[in-house]
Amino acid sequence: IVEMADNGIEGLVYGLLTTASNLGHPFARALGNQVYRLFTPSLSNAENYIEDTPAFRQTVFASFALSYPFAFLSLGTLYFLPKQKVQ
């Protein structure tokens, strides 16, 4: 991180990127909670895991089918990262 910053503003860049990273996690958690509460039977109810009905298995599959494409989609943002600083 520090290598990408210009001289004299390394701390500012590090602080800005760290803050942006730390803010992303709570927002992602809140958004995920809002989306996953729409699934029925509920993913939050422990009894559903114990009963293990076919309907609940479909719900778990749907939750994975939704989360994995977003995880792989986030890898696409790596293209936009800057190249290493020329020495």
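**Exercises on a three-helix chain**

The chain holds three helices and zero strands. The model is a predicted one.

**Exercise 1.** Give the order of the elements from the N terminus on, and decide whether the chain is spread out or a compact globule.

*Solution.* Step 1: read from the N terminus, the elements follow the pattern α-α-α. Step 2: for 87 residues the globule rule gives 12 Å. Step 3: the radius of gyration of the chain is 20 Å, well over that value, so the chain is more spread out than a compact globule. Step 4: the C-alpha trace spans about 60 × 20 × 20 Å along its principal axes.

**Exercise 2.** Describe the burial and the exposed surface of the chain.

*Solution.* Step 1: of the 87 residues, 9% are buried. Step 2: the exposed area of the chain is about 7500 Å². Step 3: carbon and sulfur atoms supply 66% of this area.

**Exercise 3.** Locate T59, classify it as buried or exposed, and list its contacts beyond four places in sequence.

*Solution.* Step 1: T59 lies in helix 3, which covers residues 54–75. Step 2: a residue counts as buried under 20% relative accessible area. Step 3: T59 has a relative accessible area of 5%, so T59 is buried. Step 4: with neighbours within four places in sequence left aside, T59 is in contact with F39, T40, P41 and L43.

**Exercise 4.** Count the charged side chains and state how far apart the centres of the two sets lie.

*Solution.* Step 1: the chain has 5 positive side chains and 6 negative ones. Step 2: the centres of these two sets are 6 Å apart.

Definitions and conventions
Residues numbered from 1 in each chain as written. Predicted model: local features only at pLDDT ≥ 70, side-chain atom pairs only at ≥ 80, totals over all residues. Heavy atoms only, no water. Helix = DSSP H or I, 4+ residues; strand = E, 2+ residues; numbered from the N terminus. Rg over C-alpha atoms; globule rule 2.2 N^0.38 Å. Buried < 20%, exposed > 50% of the residue type's maximum accessible area, 1.4 Å probe, protein only. Areas by Shrake-Rupley, 256 points an atom, 1.4 Å probe, with all protein chains shown as cover. Lys, Arg positive; Asp, Glu negative; His and termini not counted. Charge placed at Lys NZ, Arg CZ, Asp CG, Glu CD. Contact = heavy atoms within 4.5 Å.
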